[in-house]
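Work through the exercises below with the sequence and the model open. Each task is followed by a solution in steps.

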Amino acid sequence: MSTLASVRTPVPPRVWLGIVLVGAVLAILPFLLGMVGQSWIRTLNFALIYVMLALGLNVVVGFAGLLDLGYIAFYGVGAYVWAMLASPHFGLHLPFWVILPLGFVLAAIAGALLGAPCLKLRGDYLAIVTLGFGEIVRIFLNNLDAPVNITNGPQGINRIDTFRVGEFAFGRTQELFGFRITGPEKYYYLLLFLTIVIVVICARLQHSRIGRAWEAIREDEIAAKAMGINTRNIKLLAFAMGASFGGIAGCMFASMQGFVSPESFSLTESIAVLCMVVLGGMGNIPGVILGALLLSVFPELLRAVVVPLQQTLFGDVILDPEGIRMLLFGFALVLVMIFRPEGLWPSALRRRELRAAKEGA
Amino acid sequence: MSAIPVHRDQGAMPELLLVVNRISKRFGGLQALSDVSFGICKGDIYGLIGPNGAGKTTLFNVLTSLYQPEMGTANFMGHQLTRLKPHEIAQVGIARTFQNIRLFANLSAIENVMIGRHVRTRAGVLGAVLRNRATLEEERAIEQRAYELLEYVGIADRANDIARSLSYGDQRRLEIARALATEPTLLALDEPAAGMNPSETVVLRQLIEKIRNDGVTVLLIEHDMKLVMGLCNRVLVLEYGRVLAEGKPSEVQRDPRVIEAYLGKGAAGQAGAAVAAPASDIAARQSTGASHSNQGRHDS
């Protein structure tokens, strides 16, 4: 059965070599960046959080084909779970092994709750409902300071505990085996670990019975039903799985920042994460990672380049980097949509689909 | 109304698989099905024929729970089909294909069939993530079975090709393989020969016979009268959503009402000539007559 073997693509040695090289680079990356400036490590950490978010959203949008514009709500749920259970706000300081699973589960439940009323909706209608859901969560966070103060309203919650394993606190600089290691550097490894776990989970789900069921729903829901796929449960599962990764990312965000407020979970954030997924290549894990890294690091690069560049050229800052950022961002998106509508690094499936659509047109 | 009694004239009483009793379905002002009753026995290749718009596909959709009928029941091996959800239909053992092929067009042929295994396998999220031995074995078995089914329908050499890129006939066969992957007791085929050339139709006919001989009962909607009359051991004729005739192909072919439906009133008057008309003749006229009978429908 030679044909069978070719169905399950084996990993060629070239790929293994690549994995080892990438691993080595990832392992020493914070120290390299640390030489340029500590702020770059923080940028990198945020990039990793965005990678987690994009991977989570990719489960919903890329695998199951359900357009979700309120995804950031689950990030918010995770962040507030950590903030409320590990800060002076309620005087609770629970350990990570309680909060992290709780953030995971509560975000998943929120995901299923969002999914339940959306089961019969598709495309534009689904997008509008999820968008509304995202806003509802943000508005709740913003207003749940009265009559009972739960979220501390627009002021947000501050002095949040850092991630701590026993006596090992991730937020603090300390000497370790003769090395001086800073908080952001420690967080980098923690985030990298969680990201890799999420990547592995996503990749394994994609090539499983569940992943195939998601693909089936994406391709043709009626045929999927006729094949005995319980589309309701499988869709809810996609919403819940995607949301749970967002919850984990939110927990990490809160613990790393030490401060959360509702404005971190606005619609623009949802759209930014969706852009990462679409730009990188829906449904393709490496593509989504690439998209998240590009879109989260690029603005910081721009900030670092634009101001000094203008100062040397004109002796003054004429264009605000924030303003240019959105301009270039929009321009880049338009270019990608024109020249690579399937994303920068698309899955084989998406490429085929768009090529076929072009031929059909 | 004329509820058609389920009777068989064979000596031994064959096992009844599906009993449809007085199904009615209405779309707004259109009565798509009225009082349709019939029974399918184990081992049948049961043909469902009728002019365009007679309600054949509607009946399929009612049996597979895509539509809810206003009235009537359908009992399949003790299950009330009308009470089941669409995805439970495959669970109880009915698989179908679609008139306008509904493959997962961007997935490969083998992936399509592997999705068909969904309902007979178990692995959940935990198994997928942990990749424990049971899951890996199940996954291997799914792939193995999918490949075997592609061989069974004769398109194993296209296993890794995208469903969309297959020829029309191969897509039809892939749809059958995908349906068979759910291990059905009853396989419902909605115009499987549509768009096939004569040599493909011959292969299809052999395939359907093979499927029946391997223990799967077949329900067949088909316009190709030659195929139906040669293949089916039992035929139901629908017209305007009503049962016009039911019985052996040879009986149905002689039924004056059927001849009238297919060939028009004049032909029924010359019933004597029509009785002698061979099946292929009816088929030939049917393909040109279909549009006529449609027009007749609009007039009435």
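**Exercise 1: Confidence**

Chain B has a mean pLDDT (the predictor's confidence in each residue, from 0 to 100) of 85, and 84% of its residues reach 70 or more. The model is predicted: local features need pLDDT of at least 70, side-chain atom pairs count only at pLDDT 80 or more, and totals for chains, interfaces and linings use all residues. Residues are numbered from 1 along each chain as its sequence is written, and chains are lettered from A in the order in which they are written.

Task: state over which residues of chain B pLDDT stays under 50.

Step 1. One such stretch is residues 1-5 of chain B, for which the model has nine contacts beyond four places in sequence. Two residues are in contact if their C-beta atoms, placed from the backbone, lie within 7 Å.
Step 2. Residues 271-300 of chain B also stay under 50, with 34 contacts beyond four places in sequence.
Step 3. For the model, the scores are ipTM 0.85 and pTM 0.87.

**Exercise 2: The contact between chains**

Task: describe the side of chain A that touches chain B.

Step 1. Contacts join 31 residues of chain A to 34 residues of chain B.
Step 2. At least two residues each come from α1 (2-7), α7 (183-206), α8 (209-219), α9 (221-226), α10 (231-257) and α14 (348-360) of chain A. Helices (H or I, at least four residues) and strands (E, at least two) are DSSP runs, numbered from the N terminus.
Step 3. With seven residues, α8(A) gives the most to this side.
Step 4. By class, this side has 16 nonpolar, six polar and nine charged residues. Ala, Val, Leu, Ile, Met, Phe, Trp, Tyr, Cys and Pro count as nonpolar, Asp, Glu, Lys and Arg as charged, and the others, Gly among them, as polar.

**Exercise 3: A helix pair**

Task: how do the axes of helix α3 (residues 109-116) and helix α6 (residues 168-180) of chain B cross?

Step 1. The axes, lines fitted to C-alpha atoms over the stretch in contact, come within 7 Å and cross at roughly 30 degrees. Angles run from 0 to 180 degrees between N-to-C directions.
Step 2. Angles under 35 degrees count as roughly parallel, and α3(B) and α6(B) are therefore roughly parallel to each other.
Step 3. Ala109(B), Asn112(B), Val113(B) and Gly116(B) in α3(B) meet Leu174(B), Ala177(B), Arg178(B) and Ala179(B) in α6(B).
Step 4. This contact of α3(B) with α6(B) has five nonpolar, two polar and one charged residues.

Note on methods
Parallel < 35°, antiparallel > 145°, perpendicular 65-115°, else oblique.
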